[in-house]
Amino acid sequence: MIRLVEPPRLVWPTTEVRTSYLVGEQAGCLLEGRPTEWLDAASDDFAGFVAARRGVQPRWGVPSTIFWYVSGEYYLGTLVVRHRLTAELAEAGGHIGYHVVPPWRRQGHATRMLRAGLAECRRLGLDRVLLTCDVDNEPSRRAILANGGVPDGRKRGEDRFWIPLGSDAVVSGDAG
């Protein structure tokens, strides 16, 4: 197992993690049976790929910001903050989407990455955020609950959680 020298942090996409990004995302696709063709463009022009993901960009019909969770040269995962909800995102998807790539799973990174993402949402002035996860995604559910998620039923096959972001919001420990 690789030991991280620097504490992981959320950053805008960066060319400094090229190799670990490509390897980690490919591993995730292969493990989950998803296509890997989208990585060809990233591999061919990583600087252009990164540039297209930096800053506030319209995605899913709303302003969105992509962050990568990195430690030094290592890419651990991605977190996306959607600055507001559409009717569709209010049913499935929510304000935040995230994933940790396979080499870094089951080490608490999702919980810490989500906590950092919630800080970004506070900076945007959001009072609360909606997160959803597949009903069988227990690691994601644990990360959401560890960050103060309040269950709000199920829609379109996804469990829903609201996380309050006000000054009275309590974020619990580091499970996940």
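Author: Before we get to the hairpin, one rule: two strands count as paired if DSSP finds at least two bridges between them. Also keep in mind that this is a predicted model.

Reader: Okay, what makes strand 7 and strand 8 a pair?

Author: Strand 7 (residues 150-155) and strand 8 share 4 bridges in the antiparallel sense. The rule asks for at least two, so they pair. One of those contacts puts P151 opposite F161 of strand 8.

Reader: And which residue in their hairpin has a positive phi?

Author: That's R156, with phi near 50 degrees, in a hairpin that has 2 residues between the strands. R156 is found in the loop between strand 7 and strand 8.

Reader: Why is that phi worth pointing out?

Author: Because most residues other than glycine have a negative phi. R156 is not glycine, and its phi is positive.

Reader: Is R156 buried or exposed, and how do you know?

Author: Its relative accessibility is 54%, and exposed means over 50%, so R156 counts as exposed.

Reader: Where else does a residue other than glycine have a positive phi?

Author: W60 is one of them, with phi near 60 degrees. W60 lies in the loop between strand 2 (56-59) and strand 3 (62-71).

Reader: What do you call W60 in terms of exposure, and why?

Author: Partly exposed, because its 45% falls between the 20% and 50% cut-offs.

Reader: Back to strand 8. What does strand 6 do with strand 8?

Author: Strand 6 (residues 128-134) pairs with strand 8 in the antiparallel sense over 7 bridges. Set that against the at least two that are needed, and the pair qualifies. Among the partners, R128 is matched with P164 in strand 8.

Reader: Why is strand 8 called largely enclosed?

Author: Of the 7 residues in strand 8 (residues 158-164), 6 are buried, so the rest of the structure largely encloses the strand.

Reader: How do you know that D159 is buried rather than exposed?

Author: D159 has a relative accessible area of 9%, and buried means under 20%, so the label fits.

Reader: What makes R154 and D159 a salt bridge?

Author: Their closest N and O atoms are 2.7 Å apart. The cut-off is 4 Å, so the pair counts. R154 itself is exposed, with 54% relative accessible area.

Reader: Which helix residue does D159 also meet in a salt bridge?

Author: R141, at 2.5 Å from N to O. R141 lies in helix 6 (residues 138-146) and D159 in strand 8, so the pair ties together parts that are 18 residues apart in sequence. Both R141 and D159 are buried.

Reader: What makes a network out of those pairs?

Author: Shared partners: salt bridges join E138, R141, R154 and D159 into one network.

Reader: How many salt bridges are there by this rule, and what about one within a helix?

Author: The count comes to 7. Including E120 with R123, whose closest N and O atoms are 2.8 Å apart. Those two are 3 residues apart in helix 5 (residues 109-123), about one helical turn. R123, at 61% relative accessibility, counts as exposed.

Reader: Last one: which residues form the negative surface patch, and why is it called negative?

Author: The patch is formed by E37, D40, D44 and D45. Asp and Glu count as negative, hence the name. D44 sits in helix 2 (residues 38-44). At 70% relative accessibility, D44 is over the 50% cut-off, so it is exposed.

Conventions
Residues are numbered from 1 along each chain as its sequence is written. This is a predicted model: local features need pLDDT of at least 70, side-chain atom pairs count only at pLDDT 80 or more; totals for chains, interfaces and linings use all residues. Side-chain values use heavy atoms; hydrogens and water are left out. Buried means under 20% relative accessible area, exposed over 50%, partly exposed in between (1.4 Å probe, protein chains only). Patches are made of residues with over 30% relative accessible area and no salt bridge: like charges are joined within 9 Å, nonpolar side chains (Val, Leu, Ile, Met, Phe, Trp, Tyr) within 5 Å. Accessible areas come from the Shrake-Rupley method with a 1.4 Å probe; for residues, only the protein chains shown count as cover. A salt bridge is a side-chain nitrogen of Lys or Arg within 4 Å of a carboxyl oxygen of Asp or Glu. The place of a charge is taken as NZ of Lys, CZ of Arg, CG of Asp or CD of Glu.
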